[in-house]
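Open the model in your viewer and keep the selection tool at hand. This tour goes stop by stop, with something to select at each one.

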Amino acid sequence: MTKRLDVRGAKCPIPIVKAKKEIDALAVGEMLEVIATDPGSMADFRGWAKTAKHASLREQRTDTDEGGKTIFVHLLERTS
Amino acid sequence: MSTAISVGELLGKIDRGERLLLLDVRNDEEFERWRVEGRHPVETLHRPYFDFIEEETLLDQVPHDRGPIYAICAKGDSSDLIAEMLRDRGVDARNVAGGMLAYGESLQPVRVPLDPDEEGRFDIWQMNRRGKGCLSYVIHSRAEAVVIDPSRNIAEYERFVETLGAKIAGVFDTHVHADHVSGGPALAPRHHARYFVAGGSGVDLRQRVDPARDGEQIRLGGPGGVTLTVSVLSTPGHTPGSTSFLVGRNHLLTGDTLFVGSVGRPDLGGHVVEWGKMLFRTLTDRIARLPDDLVILPAHYASTAEIDEQGIVRGRLGDLRRTVPELQIRTESEFVEAMKKALKTPPAVYEQIIRVNLGLQPLDEEKASEWELGKNQCAASVRRAAEVVS
C-alpha cells in the first residue's frame with residue numbers, strides 16, 4: 001500500500017515534519033509518496049533518509065502536475 | 001527577548017568579534033556550497049534541521065557554552081523551528097530571519113573617508129552585499145544622490161537614500177552584470193532618475209538608457225549648491241561597455257574592470273581573446289595614466305580578507321600596481337594567454353542573468369533569488385590558477 005502526502009506549496013521544514021509523522025504511523029513495508037513543490041526538498045529528503053531510523057528513500061523524480069507546475073516526488077518506505 | 005535577529009545585526013556581532021555559535025541547519029549540499037563569512041572567523045556548527053526532527057535528543061548535544069546560538073537555514077523557517085526547540089530546552093537560541101536568502105541580499109552601508117578638502121562636500125557610501133561579495137555605491141551631495149551598480153533589492157537603497165534626506169537623481173551601472181540582476185532598470189523610473197549602462201559592441205541598449213559619453217561630467221548637489229563632478233571613463237574589457245566613474249578628484253569606481261586583488265574576467269561573453277585584448281589596452285593605457293594616489297573602489301571582492309580595518313574594500317592604485325598579478329603582465333599576448341589559462345566555466349545561470357539585464361528576458365523574482373545564491377565569480381583570478389598549477 002502506498003500512502004500519498006501532498007505538501008505542494010509548503011516550504012521546509014513542513015514536508016519533512018509531515019513526512020516523518022506519516023512514516024511513523026505506517027506499518028513496516030508500507031510506502032509513502034510525498035509530492036512537493038519546494039526544489040530544496042530533493043536534497044533535504046536525501047539527507048533525511050540517511051539518518052532516518054524507520055524510513056528509506058526508494059525513488060526521487062521531478063515531474064509536472066495536472067496544472068503544469070513542476071513537482072518533486074519522493075517515494076519512501078517504512079523499513080523498521 | 002526577540003526570537004529573531006536580522007542578518008545585519010548578526011554580521012555586526014560577528015565583525016565585532018562577539019562570542020556566539022552559528023548553528024547552520026541546511027542540508028550538506030547547500031552548506032558546502034556557501035556559508036556565512038565574517039571579518040573574524042565565525043564559530044559554526046553544521047547539523048541539518050531534519051536530523052533534529054528525526055532525533056530530538058540531538059538538541060542536547062548542541063554546545064551552549066559558546067555564547068548565544070543563532071540558527072540559520074536557507075530561508076529562515078527551518079531554523080526558526082530548531083531555535084524554538086532549543087529555547088524549549090532553556091537554551092539561549094534565536095533565529096536568523098530570512099536565512100541565507102536574506103544574507104545574500106542584505107546590504108551594509110559603510111562610509112568611505114575622503115581627503116580633507118573633499119570632506120563635507122559629498123559622501124561616498126559603499127553598500128556591501130556580503131553574501132555575494134558585491135559592492136554598490138551611493139554618492140550623496142546635498143539633496144541629491146546617485147546609485148551605482150544597485151542590486152535587485154532596490155527598497156534598501158530607497159530607504160537608505162531617504163535617511164540621507166536626499167532624492168535619487170541618477171542610477172548607473174558600470175556594465176551589464178552577469179552574476180546578479182541589476183536593480184537599475186526598476187529603480188531609476190521610480191524616481192524619474194536618469195539610468196545609464198553601456199552595452200558595448202553588438203548590444204543596443206539605446207532604447208532603454210540615457211547614454212553617458214566618455215569624459216562626460218555629471219554634476220550632483222542641485223542648483224546653486226556645492227557640486228560634485230562624476231566623470232565617465234570608458235574602460236572596456238570585462239565587457240565591451242564597461243565604464244568607470246571618477247568621483248570627486250580621488251576615487252575611481254572601477255566596476256569589474258579592476259579589483260583590489262585581480263581584474264575582471266574577460267571571458268563571460270564568450271570572446272576571451274577579443275575582450276582580453278580590450279582589457280589589456282584599458283589597463284595599460286587608460287588606467288596606467290591615472291595617478292598612484294587614486295583610490296580604487298571596485299564592484300566585487302573575492303574574500304572578506306579584502307575588507308580593510310574600517311570595513312571598506314578599496315585599494316590605492318599605486319599599491320595595486322605592485323600587488324595585482326595581472327597588472328604585472330607586460331605584453332598583450334602574455335595577458336591574453338593568462339586570461340585563457342585562468343578561464344573557468346561560469347555558472348550556467350550567468351547567461352540568463354545577462355539576458356535579463358539586457359532587457360531581453362523578463363525578470364522572475366523567485367528565479368532571480370535562486371540564480372543569485374552563492375558568491376560572485378567575476379574575477380579572472382590568475383593567482384588562483386597559478387596556485388593550482390604549482
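Select helix α12 (365-371) of chain B. It is among the elements that cover the buried residues of α11(B). Keep in mind that this is a predicted model.

Now add α11 itself, residues 349-357 of chain B. Which of its residues are buried? Colour I353(B), I354(B), V356(B) and N357(B): these are the buried residues of the helix. Why do they sit on the same side of α11(B)? They cover an arc of only 160° around the axis, so they share one side. Helix geometry helps here: an α-helix has 3.6 residues a turn, so residues three or four places apart point the same way. Step just past the end of α11(B) to G359(B), which takes a positive phi of about 80°.

**The sheet of chain B**

Next, show the strands of chain B. Five of them form an open sheet in the order β1-β5-β4-β2-β3, with parallel pairing. Select β1 (4-5) and β3 (44-46) of chain B to see the edges. Each has a single partner strand, so one side of each is left without a neighbour in the sheet.

Zoom in on β2 (residues 21-24) of chain B. This strand pairs with β3(B) in the parallel sense, over three bridges. For one contact across that pair, pick D24(B); its bridge partner in β3(B) is H46(B).

Then select helix α4, residues 78-88 of chain B. The helix lies across β2, β4 (69-72) and β5 (93-96) of chain B. Against β5(B), α4(B) runs at about 170°.

**Crossing to chain A**

Switch to chain A and colour by confidence. The mean pLDDT is 95, and 100% of the residues of chain A reach 70 or more. Among the elements of chain A, strand β2 (residues 31-36) has the highest mean, 97, and α2(A) the lowest, 95.

Select β3 (residues 55-64) of chain A. This strand is hardly covered: of its ten residues, the count of buried ones is one. Add β4 (residues 70-78) of chain A, which pairs with β3(A) in the antiparallel sense over nine bridges. Two pairs are worth labelling. L57(A) stands opposite L76(A) in β4(A), and T62(A) stands opposite F72(A).

What do β3(A) and β4(A) form together? They make a hairpin, with five residues between them. Pick G68(A) in the turn: its phi is positive, about 85°.

Now bring in β2(A). Six bridges join β2(A) to β4(A), and the two run antiparallel. Label E33(A) and L75(A), which stand opposite each other across this pair.

**Helix α2(A) and the interface**

Select α2 (41-51) of chain A. Its buried residues are S41(A), D44(A), F45(A), G47(A) and W48(A). Their arc around the axis is only 165°, which puts them on the same side of α2(A). What covers them? The cover includes α1, β2, β3 and β4 of chain A, together with α2 (28-33) and α3 (49-54) of chain B.

Finally, show both chains. Here 14 residues of chain A are in contact with 15 residues of chain B. On the chain A side, the elements that give two or more residues are α1 (14-25) and α2 (41-51). The largest share, five residues, comes from α2(A). Colour that side by residue type to finish: seven residues are nonpolar, three polar and four charged.

Conventions: Residues numbered from 1 in each chain as written. Chains lettered and ligands numbered in written order. Predicted model: local features only at pLDDT ≥ 70, side-chain atom pairs only at ≥ 80, totals over all residues. Contact = placed C-beta atoms within 7 Å. Helix = DSSP H or I, 4+ residues; strand = E, 2+ residues; numbered from the N terminus. Nonpolar A, V, L, I, M, F, W, Y, C, P; charged D, E, K, R; others polar. Buried ≥ 20, exposed ≤ 12 C-beta atoms within 10 Å, placed from the backbone. Pairing = 2+ DSSP bridges. Arc of directions from axis to C-beta. Axes fitted to C-alpha atoms, helices over the stretch in contact; angles between N-to-C directions. pLDDT = per-residue confidence, 0-100.
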